[in-house]
Amino acid sequence: MGIRGLMSFVEDHSNEFFTGLKLRDTKIVIDGYALFHRLCFTSNLELRCGGDYDSFADVVQKFFESLFACNICPYVILDGGCDISDKKLATIKDRAREKIQMAHSLSVGGSGYVCPLLIREVFIQVLIKLQVPFVQCFSEADRDIMTLANHWNCPVLSSDSDFCIFDLKTGFCPLNSFQWRNMNTVKGTRNYIPAKCFSLDAFCHHFSNMNKALLPLFAVLCGNDHINLPIVETFLSKAHLPLGATSSKGRRHHRVLGLLNWLSHFANPTEALDNVLKYLPKKDRENVKELLCCSMEEYQQSQVKLQDFFQYGTYVCPDALNLGLPEWVLVALARGQLSPFISDALVLKRTILHTQVENMQQPNAHRLSRPIRQIIYGLLLNASPHLEKTSGNVLPSRPLAFSEVERINKNIKTSIVDAVELPKDHSDLSKLTELSLRRRQMLLLETLKVKQAILGPIPASLKLPIAVSCYWLQHTESKAKLHHLQSLLLGMLVGPLITIINSPGKEELQEEGAKMLYEEFQRVKAQTRLGTRLDLDAAHVFCQWQSCLQMGLYLNQLLSTPLPEPDLTRLYNGSLVHGLCQQLLASTSVESLLSMCPEAKQLYEHLFNATRSYAPAEIFLPKSKSNSKKKRQKKPDTSCSKNRGRTTAHSKCWYEGSNRFGLLMVENLEEHSEASNVE
């Protein structure tokens with residue numbers, strides 16, 4: 001949610017509306033969505049390369065460590081899926097368009113703010129690691145946050161201007177004045193975080209001691225994410241709202257000032273609403289009244305008691321219960337074990353595919369992962385008979401249809417996608433968890449088109465990413481090249497390297513080699529951040545891989561994790577992967593990089609061997625070979641294929657220069673070269 005112009009207005013009057021706080025020894029209820037966006041955009045993180053998730057995880061950890069040092073007990077509340085009524089759809093689409101423009105700006109060297117695709121999942125993994133209590137609400141969390149904070153009599157931490165409207169007992173602390181990086185100490189013993197707290201009493205006092213109960217009507221008239229009625233503009237144009245004594249600063253807040261001054265003349269919301277309706281045509285009054293009253297209810301207490309979840313682990317949401325969803329689904333959603341993407345697909349049969357910093361001239365990166373989503377949709381098809389009433393936006397003539405809001409060029413489009421019909425024992429969501437581990441794993445791997453045997457030598461934490469990488473390589477639309485694959489696999493070594501470095505009992509030589517390689521990776525990462533121009537083709541390929549990973553994660557979660565969930569905080573680092581990509585294209589070889597750490601080299605070989613059998617043979621060919629193959633379909637390649645021996649020699653020479661781990665492919669390459677050059 002959010003009220004247009006209100007946050008900047010109250011910040012312009014900071015001395016009047018805010019009081020200073022030395023925050024310590026308290027619970028605090030945190031708006032999780034606002035927090036991870038704030039930390040992502042104000043921590044000097046690289047946003048072009050698809051996410052430096054390790055750096056983001058470090059920032060999140062430092063934030064909570066600051067709270068712990070001040071004896072502040074955080075409780076993080078995350079938004080769930082879209083509201084059942086879908087009344088925010090217009091706002092969601094507007095923001096999706098804005099995100100596309102910002103992603104495009106970042107892709108061509110400009111500025112912009114676009115969260116990396118897996119930022120929410122990384123945030124949740126850090127919360128779990130630090131044992132920070134959190135809950136994922138069934139839909140938007142604002143009312144639940146307000147209700148919990150008032151139950152515990154503690155402040156709310158957010159950046160959402162709606163918290164200036166809620167009647168909070170202990171107040172609202174905006175994130176932009178929450179100085180967690182500047183923790184102070186009182187008398188050398190007690191730490192505190194300097195913060196500011198919004199005073200609703202001071203705010204109402206400024207406007208002739210207006211009744212607090214009028215503020216929800218102000219919010220819906222001013223315009224928020226839930227309501228934007230053109231008919232309200234009729235009222236605003238006719239009412240001649242009083243601005244009061246307006247400073248030069250206040251001129252940009254005419255709407256906010258005018259509405260607040262006008263409303264302050266009324267004793268209660270009923271009187272004020274009747275006066276609003278007088279300005280409207282009689283035929284519209286009843287409908288408008290109903291819409292305004294419904295929207296005002298968004299600022300009332302929630303029926304959800306989150307304190308019960310944090311104390312007993314029980315989450316009861318009337319809206320969710322009325323839909324008749326399986327109990328295990330509701331529990332998994334509340335614990336963050338299923339994504340809001342799943343609840344959107346369940347409740348609305350519509351999902352939002354978030355744009356990344358990708359090549360806007362190519363089809364959006366999520367196209368590659370559509371077959372995975374079609375399996376997810378198939379699993380969700382028959383969740384509850386009550387859901388048929390909530391998903392009226394999908395074609396009635398196509399019962400398998402789901403809609404996806406996706407990027408087309410630099411705009412958005414809603415596409416219709418059919419779910420895959422699954423066998424009967426897979427299509428009953430209430431019994432999905434009863435399937436054996438073997439069958440759930442089989443469905444996951446069949447969806448990713450991967451044989452279980454190839455994952456044998458792979459460490460448990462990397463099985464899912466490697467399976468996803470095999471899926472990604474099999475799609476011709478990905479246009480992945482050898483150096484893209486190598487860079488991704490090298491990036492996956494970061495987590496194991498940290499484990500080696502931090503493991504007691506390792507031989508000094510092993511630990512030293514791991515440190516040297518880790519430091520080299522950090523050097524490559526830092527060099528990329530210094531302003532290297534973004535390779536758009538590489539960025540698009542890696543965005544496709546991330547989309548496949550995201551949907552692979554969601555399917556794995558829906559199947560109750562038949563493969564272990566990977567540590568996303570150490571799996572993909574955009575700056576590192578892009579930097580390695582450039583180095584491998586230039587002169588560096590994988591072997592020379594890994595020569596300093598035999599353990600990393602051995603693991604890389606396992607990862608490479610698992611993925612190579614699923615890659616198109618062309619990506620292992622020398623550049624001259626693959627380029628000539630694209631240009632010519634009929635004539636044989638005289639430069640490399642005059643005879644079999646010369647092809648092998650050429651391939652061997654190239655592999656030795658760029659990747660010794662490709663030598664095992666030479667025998668297969670001979671046969672492929674011979675077959676592909678037959679007229």
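Trainee: Where is Asn409 found?
Mentor: Asn409 sits in the loop between strand E10 (401-408) and strand E11 (411-418). Keep in mind that this is a predicted model.

Trainee: What makes the phi of Asn409 worth a note?
Mentor: The phi of Asn409 is positive, about 55°, although the residue is not a glycine. Lys449 is another such case, with a phi near 60° in a residue other than glycine. Asn153, just after helix H7, also takes a positive phi of about 55°.

Trainee: Which loop holds Lys449?
Mentor: Lys449 lies in the loop between helix H19 (437-447) and H20.

Trainee: Why is Lys449 called partly exposed?
Mentor: Its relative accessible area is 43%. Buried means under 20% and exposed means over 50%. The 43% of Lys449 falls in between, so the residue is partly exposed.

Trainee: Now the helix that follows that loop. How do H20 and H24 pack?
Mentor: Helix H20 (residues 463-474) and helix H24 (residues 536-558) meet at an angle of about 125°. Their axes are 9 Å apart.

Trainee: Why are H20 and H24 called oblique to each other?
Mentor: Set the angle of about 125° against the classes. Roughly perpendicular covers 65 to 115 degrees, and roughly antiparallel begins over 145. The angle fits neither class, so H20 and H24 are oblique to each other. The crossing of H20 past H24 is right-handed.

Trainee: Which residues of H20 and H24 make the contact?
Mentor: H20 brings Leu464, Pro465, Val468, Ser469, Tyr471 and Trp472. H24 brings Val541, Gln544, Trp545, Cys548, Leu549, Gly552, Leu553 and Asn556. By class, the contact of H20 with H24 has 10 nonpolar residues, 4 polar and no charged.

Trainee: How do H9 and H11 pack?
Mentor: Helix H9 (residues 215-222) and helix H11 (residues 254-263) pack at about 145°, with axes 10 Å apart. This crossing is right-handed.

Trainee: Which residues meet in H9 and H11?
Mentor: From H9 come Leu215, Leu217, Phe218, Leu221 and Cys222. They meet Arg255, Val256, Leu259, Leu260 and Leu263 of H11. The contact holds 9 nonpolar residues, no polar and 1 charged. Arg counts as charged, so Arg255 is the charged residue here.

Trainee: What makes helix H7 mostly covered?
Mentor: H7 spans residues 142-152, and 9 of its 11 residues are buried. They are Asp142, Asp144, Ile145, Met146, Thr147, Leu148, Ala149, Asn150 and Trp152. Each of these is called buried because its relative accessible area is under 20%.

Trainee: What covers the buried residues of H7?
Mentor: The cover includes strand E2 (26-31), strand E3 (72-78), strand E5 (156-158) and helix H14 (306-312).

Trainee: How do you know that helix H18 is mostly covered?
Mentor: Count again. H18 spans residues 370-380, and 8 of its 11 residues are buried. The buried set is Ile372, Arg373, Ile375, Ile376, Tyr377, Gly378, Leu379 and Leu380.

Trainee: How many helices and strands does the chain have?
Mentor: The chain has 30 helices and 11 strands. Of its 679 residues, 57% are buried. The accessible surface comes to about 29,600 Å², and 50% of that belongs to carbon and sulfur atoms.

Trainee: What part of the contacts join residues at least 24 apart?
Mentor: That part is 76%, taken among contacts in the chain between residues at least 6 apart in sequence.

Definitions and conventions: Residues are numbered from 1 along each chain as its sequence is written. This is a predicted model: local features need pLDDT of at least 70, side-chain atom pairs count only at pLDDT 80 or more; totals for chains, interfaces and linings use all residues. Side-chain values use heavy atoms; hydrogens and water are left out. Axes are lines fitted to C-alpha atoms, for helices over the stretch in contact, and angles run from 0 to 180 degrees between N-to-C directions. Helices (H or I, at least four residues) and strands (E, at least two) are DSSP runs, numbered from the N terminus. Angles under 35 degrees count as roughly parallel, over 145 as roughly antiparallel, 65 to 115 as roughly perpendicular and the rest as oblique. A crossing is left-handed if the near helix is turned anticlockwise from the far one by less than a right angle, and right-handed if clockwise. Contact means heavy atoms within 4.5 Å. Buried means under 20% relative accessible area, exposed over 50%, partly exposed in between (1.4 Å probe, protein chains only). Accessible areas come from the Shrake-Rupley method with a 1.4 Å probe; for residues, only the protein chains shown count as cover.
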